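Student: I am new to this structure and would like a close look at one kind of feature. Could you walk me through the salt bridges, and then the parts of the chain around them?

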Amino acid sequence: MTRLTDADYARAEQMLGPHRARHVPGMTVTPQWLNGGTRFWYRVGSRYLVADPAAGTRRDAFDHARLAAALSVASGHAVEAADLPFTTIEFPDRDGTSDAVRFFAFGSRWEWSDHSGTCARVDEEQSPGPLEIPSPDGTWIAFRRDGNVWVRARDGGEEFALTDDAEPHHDYGSLPDPMSGRMLMRSFGLGAPFQAEWSPDSTRLLVHRLDQRGLPEQVLVESSPPDGGRPVEHRYRYPMPGDEAQATMSWTVLHLAGREVVRQRDDPATIVHPSAVVYAWWSGEKGDTVHFLYRSRDARTLELCRLDPGTGETTTLIGETGTTRVDPTPQLGEEPMAHVLDSGEILWWSQRDGWGHLYLYSADDRTPTRVTSGQWLVRKVLWVDQDSRQVWFLASGLVDEDPYVRQVCRVGLDGTGFTRLSDDDHDHDAVSPPEGGYLVDRVSTPAVPPRTRVVGGDGQILVELEAPDTAGLEALGWTPPERFRATAADGRTPVYGLLWRPHGFDPERRYPVIDHIYPGPQVHRAGPSFNPPLQGGPESLAALGFAVVAVDGRGTAGRGKAFHDQSYGDLGYAGALADHVGVIRELGLRYPWLDTGRVGITGHSAGGFATARALLAHPGFYKVGVAVAGNHDNRVNLTMWAEHYHGEGDLEELSNPALAAGLRGKLLLIHGELDDNALPHQTLRLVDALIEADGDFDMLIVPGAEHALLNRGHYVVRRTWDYFVRHLHGTEPPAYRLAPLPLPAELI
């Protein structure tokens with residue numbers, strides 16, 4: 001038996017995401033564009049840097065030591081250069097002539113200049129709050145007030161409303177209640193999100209009007225409000241699959257001059273996912289036109305539309321219809337690959353041939369011409385150079401050993417001159433400024449942290465930025481996961497995943513296995529990079545003596561359409577649990593140290609659904625499960641999951657309660673009482689069915705916690721660890737208690 005100590009739990013704690021990042025400083029470089037994309041700044045811990053690709057330079061954005069000393073004097077608070085207390089920061093320079101930096105600290109806004117050596121308060125200037133949107137020229141700030149759109153001058157001058165007709169559940173710039181993250185935002189002390197888009201010339205705002213009037217309500221009860229008073233109810237408009245009434249939206253253009261309101265001249269469109277309000281953009285140097293993507297309620301029709309910002313008239317430019325879902329991107333939430341060129345031509349991503357490829361539509365008769373082809377897919381368009389008529393993009397499926405590895409490529413808009421600019425088998429997570437001209441390429445493998453560099457259009461290195469190592473993790477016992485290929489349950493389809501060996505690995509021992517699952521189907525889980533989704537969780541379990549597996553089974557995103565469509569009409573398939581079972585058994589034959597007689601599983605959200613489904617549908621294989629925030633009954637869940645990803649199939653197949661009689665193993669169900677995404681009734685309906693079936697299980701309802709369980713995450717993690725230690729290791733866990741998890745650096 002494996003007996004764990006406080007020291008083991010302490011090491012496991014350091015593997016969790018926010019701590020893990022601090023042991024590999026520089027592994028996440030997120031460029032913030034400056035001066036029309038000619039430069040950018042980024043952050044490594046508490047150090048701020050600026051890169052100038054044209055000059056080939058990377059330097060500190062300012063003198064951290066001098067700023068810290070000056071801020072200490074000006075604020076009366078001791079400040080260390082290695083721990084700057086900024087909560088927000090901005091570089092107001094717009095033409096590359098100023099070295100000023102502005103930041104918020106100690107309740108005030110400050111400005112520092114290396115040249116002047118002064119640090120002064122600038123509280124008199126109006127700065128955008130976290131839910132406010134500054135105009136491109138820095139003159140105006142847009143915000144929401146009582147459901148209407150307002151703007152104020154940044155110089156502290158005038159403030160006025162652009163709309164005045166908002167009413168409850170019929171307002172501007174908001175998100176549908178089930179996808180608004182209201183409770184998560186409250187955890188940060190923020191209100192509801194505001195979505196709007198300034199025109200490039202800063203004279204207009206594009207905003208949607210959302211209508212949730214008359215929709216059915218759901219109620220969450222906050223048992224223990226912060227003020228200690230009586231329980232508080234929180235009401236949500238929450239339609240479900242099959243309901244005729246759903247939220248609708250229409251576009252509105254707000255002109256600052258004359259306060260003119262131009263409304264879209266179409267019937268409102270049904271919205272079952274917030275991507276509908278994000279997939280819209282201004283086109284042209286000044287914003288002569290608006291383009292947006294329209295998806296039908298069943299997601300089988302996708303259209304690119306043009307909106308005249310002066311009249312509200314719309315025109316459909318491209319339309320696709322399929323027998324299954326027509327996706328605008330390889331994974332849900334990614335930036336759409338629809339680019340309207342100055343010539344009127346349109347670069348368009350489509351899976352019409354079974355793979356994700358680019359097509360160029362002519363400006364006159366909209367005749368499409370292939371730009372890319374083959375049994376691989378375009379993952380992301382990086383930039384389009386209209387002068388040279390070339391497009392840079394990321395593609396996966398070009399590396400024979402792994403169809404998920406992304407490579408940087410270039411091709412002419414006429415389909416000629418295809419060039420793979422990256423010449424390795426590493427994963428390339430690249431981005432470019434909106435204006436193009438260069439790439440920030442973050443190159444990694446599961447074993448090697450991202451090496452970040454700026455590269456030019458021919459793949460030449462312009463600036464080396466960061467090259468972190470794993471020494472900090474290795475000192476804690478970490479070893480890199482193995483990227484593996486195995487065979488799906490059909491006996492022929494290759495599937496891929498990651499395997500983490502336990503800390504202190506001894507091949508002569510036998511280790512229990514934990515399946516760390518997120519089944520999608522809108523994304524894939526086990527990528528070939530150093531920072532795959534949900535990183536941190538598997539590493540912490542490996543530190544506790546478990547072998548951990550993550551698998552992308554059939555029906556998940558990131559490969560061909562046929563592979564993805566295997567979950568369409570069969571969402572209860574849960575990321576192909578049969579593939580997970582087969583893969584773990586295959587790995588057990590490959591590695592005798594894997595004890596496939598002791599297999600656990602855990603996951604969050606759809607991973608919570610899959611965890612419970614695993615124990616209910618495969619009781620002879622999965623022995624222990626911890627299901628967190630699971631959407632256990634998709635018949636009464638968000639409309640999108642059933643209607644977009646299941647289609648017209650039997651919704652009974654999407655219900656874990658229907659399988660409750662199959663429970664044989666140990667199951668811990670965890671849910672936040674204020675989860676406004678997968679409502680708490682999702683778990684309680686399964687609990688009711690388990691009681692009806694006279695089944696034994698464990699449950700933890702977390703007061704005040706939302707879907708991410710943000711402020712109670714450390715407690716949920718520790719209870720998860722304890723459950724697996726008791727029921728897979730067969731020993732009592734130590735008395736160690738985790739500290740509240742720090743926020744990721746990018747949220748501070």
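Tutor: What follows goes through the salt bridges pair by pair and then turns to a surface patch and two sheets.

This is a predicted model, where local features need pLDDT of at least 70, side-chain atom pairs count only at pLDDT 80 or more, and totals for chains, interfaces and linings use all residues. Residues are numbered from 1 along each chain as its sequence is written, and side-chain values use heavy atoms, with hydrogens and water left out.

Side chains of opposite charge can pair when their charged atoms come close. A salt bridge here is a side-chain nitrogen of Lys or Arg within 4 Å of a carboxyl oxygen of Asp or Glu. The structure holds 47 of them.

Let us begin with aspartate 353 and arginine 370, whose side chains meet at 2.5 Å, N to O. This pair links distant parts of the chain, 17 residues apart: aspartate 353 is in the loop between strand 26 (346–350) and strand 27 (357–361), and arginine 370 is in strand 28 (residues 368–370). Helices (H or I, at least four residues) and strands (E, at least two) are DSSP runs, numbered from the N terminus. Aspartate 353 counts as partly exposed, at 32% relative accessibility, and so does arginine 370, at 34%. For these words, buried means under 20% relative accessible area, exposed over 50%, and partly exposed in between, with a 1.4 Å probe and protein chains only.

Next comes arginine 453, which forms a salt bridge with glutamate 464; their closest N and O atoms are 3.4 Å apart. Arginine 453 lies in strand 35 (residues 451–455) and glutamate 464 in strand 36 (residues 461–466), so the pair ties together parts that are 11 residues apart in sequence. Arginine 453 counts as buried at 18% relative accessibility, whereas glutamate 464 is partly exposed at 35%.

Aspartate 633 and arginine 685 also meet in a salt bridge, at 3.3 Å from N to O. They are 52 residues apart, with aspartate 633 in the loop between strand 42 (622–628) and helix 11 (639–645), and arginine 685 in helix 12. Aspartate 633 is buried, with a relative accessible area of 0%, while arginine 685 is partly exposed at 36%.

Salt bridges can also form a network, as they do among Glu217, Glu233, Arg235 and Arg237.

Helix 12 (residues 681–692) also holds leucine 684, which is partly exposed at 41% relative accessibility. Together with Met699 and Ile701, Leu684 makes a nonpolar surface patch of about 230 Å². Such patches are made of residues with over 30% relative accessible area and no salt bridge, with nonpolar side chains (Val, Leu, Ile, Met, Phe, Trp, Tyr) joined within 5 Å and like charges within 9 Å. Accessible areas come from the Shrake-Rupley method with a 1.4 Å probe, and for residues only the protein chains shown count as cover.

Now for the sheets. One open sheet of four strands has the order 1-2-3-4, with antiparallel pairing; two strands pair if DSSP finds at least two bridges between them. Strand 1 (32–34) and strand 4 (57–60) stand at its edges, each with a single partner strand, so one side of each is left without a neighbour in the sheet. Strand 3 (residues 47–52) pairs with strand 4 over four bridges, and valine 50 has arginine 59 as its bridge partner in strand 4.

Another open sheet joins four strands in the order 5-6-7-8, again with antiparallel pairing. Four bridges join strand 7 (residues 108–113) to strand 8, where alanine 120 stands opposite glutamate 111.
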